[in-house]
Every structure is written in structure tokens, then in C-alpha cells.
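Student: I have a model here and would like to know how its labels are earned. Could we go through them one by one?

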Amino acid sequence: MKSAHNLAVIVGSVRENRFGPTVASWAAEQAAAHGGFEVHTVDLADYDLPLALPDASPKHAGDDYPRPAGMAPLTAALTRADAFLVVTPEYNHSYPASLKAAVDWHFTQWAAKPVAFVSYGGAAGGRHAVLHLENVLSELHAVTIRDGLAFPLLYTEWRDGSPVDPDAPGYAKTMLDQLAWWAGALRTAREAIPYPA
Ligand SMILES: Cc1cc2nc3c(=O)[nH]c(=O)nc-3n(C[C@H](O)[C@H](O)[C@H](O)COP(=O)(O)O)c2cc1C
């Protein structure tokens with residue numbers, strides 16, 4: 001049996017007084033309890049993530065892509081990951097610019113790897129954000145996981161760092177089972193044959 005999959009739990013919001021770390025911390029706990037993952041929290045607030053991109057494209061430049069030194073630990077964490085769990089809020093019916101920057105500065109780091117989503121926000125629970133992310137990540141050859149968690153009305157539906165809904169851990173397990181299946185299948189495939197991106 002292969003070792004646990006390296007899972008990057010990405011904290012997508014970098015706003016002052018953000019709620020994101022609360023959701024990400026709960027999601028990381030669920031992933032650790034699942035047993036199939038070695039869990040690493042990757043908080044986008046910890047890295048240099050400028051909006052202005054270089055002239056070259058990360059798709060064509062590969063390892064020579066000129067990223068800022070302060071982004072190097074983020075790039076290394078994304079490169080090492082076998083799977084991603086993106087924790088995203090909804091801003092104006094989409095996902096935050098910080099997350100788009102993290103996506104756009106990379107290419108091979110996403111390709112042929114699975115991505116699951118935990119979203120939160122107002123009435124729609126971040127579903128608009130996730131729909132947009134699914135669309136964008138498919139352009140980077142990532143595989144998005146069908147089942148995700150969407151937490152609406154976060155101000156009343158979270159208490160003491162956890163969702164009020166008692167079924168949430170069960171939904172998380174279903175999502176993580178699917179993510180682990182895809183992480184194993186895609187890791188085996190990447191190791192057997194280089195992905196033709
Ligand atoms: C600029 C901005 C736009 C927002 N737009 C939406 C929205 O379209 N839909 C929604 O459900 N919540 C929206 N919200 C509420 C956020 O989902 C909520 O504030 C959440 O806590 C943001 O995540 P964060 O605290 O981790 O940054 C918005 C918040 C901000 C700051």
C-alpha cells in the first residue's frame with residue numbers, strides 16, 4: 001500500500017479578520033481524521049503573491065518561470081501536493097483575487113491532480129465561487145471532485161470553530177473518500193506516464 005497522499009489545504013482568503021482560517025482548520029482536522037492524507041495547511045496570506053505576472057507563461061516556462069522569492073515555499077508546497085482541498089469564501093459571486101493569483105502563477109503544479117472544495121459565505125454558501133473555480137482549474141488540467149462542502153450563513157451556522165450542522169463531518173468524509181481515490185489513481189498514473197500537458 002502506498003503512503004498517505006500529501007494534501008494541501010489551501011486557505012484562499014487573505015482579508016483582515018477573515019473567517020477562512022476557522023473553516024480551513026476544521027477542514028484540515030477532518031482530513032487528518034480521515035487517515036488517507038498527510039495534511040499541510042497552505043495559507044495564501046503567508047506568501048508574496050503579486051497580481052502582476054511576468055511576460056512568459058508558467059505553462060511554457062516550466063521550472064524557469066520567474067517567481068518572486070517570497071512565493072517559493074508556496075510553489076514547493078503545491079508541487080509536493082498529490083491533492084488539494086481549496087477553502088474559499090465567496091466575494092461578489094466569485095472567489096477571491098488571492099486565489100486567482102495563486103492559480104495563475106502556477107501550471108504544472110495543478111495538472112493531473114485532484115481538487116476538492118470547502119466553501120462558505122452568505123445565502124449561497126460559496127457555490128458561485130466553486131463553480132468559477134471548477135471552470136478555471138479544468139483549464140489547468142486539474143480534476144475537480146464532485147462532492148464538496150458549502151457552508152451558507154456562516155455567521156450563525158458556525159459555533160466554536162465548527163459547523164453547527166451535525167452531518168457536516170459525514171459530508172466531509174464522503175468528499176475526502178472521493179479525493180483520496182482520485183489522488184491515488186492520478187498519482188499512479190503520473191508515475192507511470194508523464195502527463196501530456
Ligand atoms: C468583497 C466582499 C464581497 C462579498 N460578496 C459575497 C457574495 O457575493 N456572496 C456571499 O455569499 N457572501 C459575500 N461576502 C461575504 C463573505 O462570504 C463573508 O464575509 C466571508 O466571511 C468572507 O470570507 P473571509 O472572511 O475568509 O474573507 C462578501 C464579502 C466581501 C468582503
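Tutor: Start with a definition: Ala, Val, Leu, Ile, Met, Phe, Trp, Tyr, Cys and Pro count as nonpolar, Asp, Glu, Lys and Arg as charged, and the others, Gly among them, as polar. This is a predicted model, where local features need pLDDT of at least 70, side-chain atom pairs count only at pLDDT 80 or more, and totals for chains, interfaces and linings use all residues. Residues are numbered from 1 along each chain as its sequence is written.

Student: How do the residues of the shell around the ligand divide?

Tutor: By that grouping, six are nonpolar, six polar and three charged. The ligand is surrounded by 15 residues, the closest being Ser13, Gly20, Pro89, Gly121 and Gly122; a residue is near a molecule if its C-beta atom, placed from the backbone, lies within 6 Å of it.

Student: What makes the length of helix 5 agree with what a helix should span?

Tutor: Helices are DSSP runs (H or I, at least four residues), numbered from the N terminus. The expected span is 1.5 Å times one less than the number of residues. For the 13 residues of helix 5 (residues 127-139) that gives 18 Å, and the end C-alpha atoms are 19 Å apart, so the two agree.

Student: Which residues of helix 5 are buried?

Tutor: Ala129, Val130, Leu133 and Leu137. Buried requires 20 or more other C-beta atoms within 10 Å of the residue's own, exposed 12 or fewer, and partly exposed is in between, with C-beta atoms placed from the backbone. On the face turned away from the buried side, Asn135 and Glu139 are exposed.

Note on methods: Helices (H or I, at least four residues) and strands (E, at least two) are DSSP runs, numbered from the N terminus.
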